[in-house]
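Okay, everyone, thanks for coming. Let's pull the structure up on the screen and walk through it together.

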Amino acid sequence: MDFNQAITSAYRNYLNPRGRAGRKAYWYFVLFEILLMILITVGATIIAVNLAPSGAASNPELAEGLTALATLVVVFIYVFGFGIPTLMLMVRRFHDVGLSGIYVFIVFMSGVGARIYSDYLVGTGATTQSDLYLGLANIVSLAALVVTLWPSQAGPNKYGSPDVS
């Protein structure tokens, strides 16, 4: 699978967790995602700066508002343009190595849960415990990263044939 096929396959299977995705398909899409997000972030920042009225530099509240708007646009694009297809692609990548896609949900929810609980702990002044929960979530994420680097299972498995995204 080449770079263009990987991107096409990821978007063609936007909401499809079934099947398998090889290592190349997964990492080509991740590379595409990183490169495009850099361009989008730079573009949104340039647009926000150029749309700012001439007095924005002397008005920090206006500058912060424009920065927040640019950030909101980038986050929206990321979630719907990359977040959902990346999660589905990661599920298919886990399938490719013979693991259930439920593990991707566990990784995702551990990060979300750790972030929410960490923010709560910071609000109560327990920053050391907050760091512990975020660290544990990072370890879980690192384990998921390692899984995406594993080679594909040879031949069909219970999730389908190899190289079928």
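Let's start with one pair: D96 and R20 form a salt bridge, and their closest N and O atoms sit 2.8 Å apart. What I like here is where the two partners come from. D96 belongs to helix α3, while R20 is in the loop between α1 and α2, so the pair links distant parts of the chain, 76 residues apart. Before I go on, keep in mind that this is a predicted model.

So, are these two partners buried or exposed? D96 is buried, with a relative accessible area of 0%. R20 is at 0% relative accessibility too, so R20 also counts as buried.

Now, D96 has another partner. R93 makes a salt bridge with D96 as well, with 2.7 Å between the closest N and O atoms. This time both residues lie in helix α3, three residues apart, which is about one turn of the helix. R93 and D96 are both buried.

How many salt bridges does the structure hold? There are three. The one I haven't shown yet is R115 with D119, whose closest N and O atoms are 2.7 Å apart. These two are four residues apart in helix α4, so about one helical turn separates them. R115 counts as partly exposed because its relative accessibility is 43%, and buried would mean under 20%. D119 is partly exposed too, with a relative accessible area of 42%. Back to the other bridges for a second: they share partners, and that joins R20, R93 and D96 into one network.

Next up, the pocket. The largest one has a volume of about 260 Å³. It is lined by 14 residues, and the closest to its centre are T86, L87, M90, V107 and F108. Which helices supply the lining? Helices α3, α4 and α5 each give at least two residues. Helix α3 gives the most, with five. As for character, the lining splits into nine nonpolar residues, five polar ones and no charged ones.

Last thing, confidence. The mean pLDDT of the protein is 86, and 92% of its residues reach 70 or more. Helix α1, residues 3-12, comes out highest at a mean of 93, and helix α3, residues 60-96, comes out lowest at 85. Remember that α3 is the helix holding both R93 and D96, and the one that gives the most residues to the pocket lining.

Definitions and conventions: Residues numbered from 1 in each chain as written. Predicted model: local features only at pLDDT ≥ 70, side-chain atom pairs only at ≥ 80, totals over all residues. Heavy atoms only, no water. pLDDT = per-residue confidence, 0-100. 1 Å grid on protein atoms, 1.4 Å probe; cavity = no way out; pocket = protein on both sides within 12 Å on 5 of 7 lines; lining within 4 Å. Points joined across faces, edges and corners; volume = space filled by probe spheres on them. Nonpolar A, V, L, I, M, F, W, Y, C, P; charged D, E, K, R; others polar. Salt bridge = Lys/Arg side-chain N within 4 Å of Asp/Glu carboxyl O. Buried < 20%, exposed > 50% of the residue type's maximum accessible area, 1.4 Å probe, protein only.
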